[in-house]
Amino acid sequence: APGHTLKMAIPGPLTFALPLAAPKRDVGEVIEEIANMVCNELEALADAGASYVQIDEPALPHPPLGISHTYASELINRVVKSFPGRVAVHICFGNNAGRPMADRRLNRLMNAMEMLECDQLVLEFANREMADVELLGRLSEKFDIAAGVIDVKNFHLETTEEVASRIRRCLDFVPVDKLSITSDCGFSALPRYLARQKMQAMVAGARAVRETL
């Protein structure tokens, strides 16, 4: 994608730790080593000229190795502090072949999310029929919000008006200058042709709303 400014996404320390079985070593030491590796990567990205990264943490809703949500958020914050630019944290409920991996209520994660020291939260809403969108009012007091309005776990192709309606719902709770539009998660579980059509629908829906503002 030459000539374009790109946003770099990288898995966070919780997500790297997610597939690990309980180690024979101290759990805290293992997780700290993973966090240090992610910090080193972010520092290298900054040195290479990156100014905006997204840390993906589908493991925050169910932290690995028995750690608490509080410790999980503190660990993410350690990583965030290693990057001098703009940092988004993507929190979702898993996207392995479109199968969620946790209780998908956002309200149980509010304390953990509000502890984060990032610039933007990237959250999924479309596949949960916009449930919990009202929580964005409270979250947007601290964070910019990127709201997922395209369902990547469903072969249904959204119409322009469906996307626009979801965006308007977000704008009921988030100031327009703090809202960005995205898909719920990545498109890895969908055919390429459908992923492209869904992205086109997302752009068309955002344009339709923007023209009314």
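This passage walks through a predicted model of a single chain, from its overall build to four of its residues.

The overall architecture is a good place to start. Seven helices and six strands make up the secondary structure of the chain. Read from the N terminus, these elements follow the order β-α-α-β-α-β-α-β-α-β-α-β-α. The chain is as compact as a globular protein of its length, because its radius of gyration of 17 Å is close to the 17 Å that the globule rule gives for 213 residues. The C-alpha trace extends over about 55 × 40 × 35 Å along its principal axes.

A look at the inside and the outside of the chain adds to this picture. Of the 213 residues, 46% are buried. Among contacts with a sequence separation of 6 or more, 77% are between residues 24 or more positions apart. The surface that the chain exposes comes to about 10600 Å², and carbon and sulfur atoms supply 52% of that area. As for charge, the chain carries 23 positive and 28 negative charges, and the mean positions of the two sets are 4 Å apart.

Strands E2 and E3 can be visited together, through a residue in each. Asp56 belongs to strand E2, while His90 sits in strand E3, which covers residues 86-91. The two residues are in contact with each other. His90 counts as buried because its relative accessible area is 5%, and the cut-off for burial is under 20%. Apart from its neighbours within four places in sequence, His90 meets Gln54, Ile55, Asp56, Glu57 and Pro58, together with Val122, Asp184 and Cys185. With Val122 there is also a polar link: a polar atom of the His90 side chain lies 3.0 Å from the backbone oxygen of Val122.

Asp56, for its part, has contacts with residues from an earlier stretch of the sequence, namely Ala9, Ile10, Pro11, Gly12 and Thr15, in addition to His90; neighbours within four places are again set aside. A further reference point is Gly148, which is 92 residues from Asp56 in sequence, with 14 Å between their C-alpha atoms.

Beyond strand E2 comes a loop that leads to helix H3. Pro64 lies in this loop, between strand E2 (52-56) and helix H3 (69-80). With a relative accessible area of 4%, below the 20% cut-off, Pro64 is therefore buried. Its contacts, leaving out residues up to four places away in sequence, are with Leu14, Ala17, Leu18 and Ala59. Lys81 offers a contrast between sequence and space: Pro64 and Lys81 are separated by 17 residues in sequence and by 22 Å from C-alpha to C-alpha.

The last stop is another loop residue, Asp132. This residue is found between strand E4 (120-124) and helix H5 (136-139). Asp132 has a relative accessible area of 15%, which means that it too is buried under the 20% cut-off. Two polar contacts involve its side chain. One of them reaches the backbone nitrogen of Leu106 at 2.9 Å, and another joins the side chain of Asp132 to that of Arg128 at 3.1 Å. When residues up to four places away in sequence are not counted, Asp132 touches Arg104, Arg105, Leu106 and Asn107, as well as Phe125. Leu106 thus appears both among the residues that Asp132 touches and as the partner in the polar contact through its backbone nitrogen.

How values were computed
Residues numbered from 1 in each chain as written. Predicted model: local features only at pLDDT ≥ 70, side-chain atom pairs only at ≥ 80, totals over all residues. Heavy atoms only, no water. Helix = DSSP H or I, 4+ residues; strand = E, 2+ residues; numbered from the N terminus. Buried < 20%, exposed > 50% of the residue type's maximum accessible area, 1.4 Å probe, protein only. Contact = heavy atoms within 4.5 Å. Rg over C-alpha atoms; globule rule 2.2 N^0.38 Å. Areas by Shrake-Rupley, 256 points an atom, 1.4 Å probe, with all protein chains shown as cover. Lys, Arg positive; Asp, Glu negative; His and termini not counted. Charge placed at Lys NZ, Arg CZ, Asp CG, Glu CD. Polar contact = N/O pair within 3.5 Å; in protein donor to acceptor, adjacent residues only side chain to side chain.
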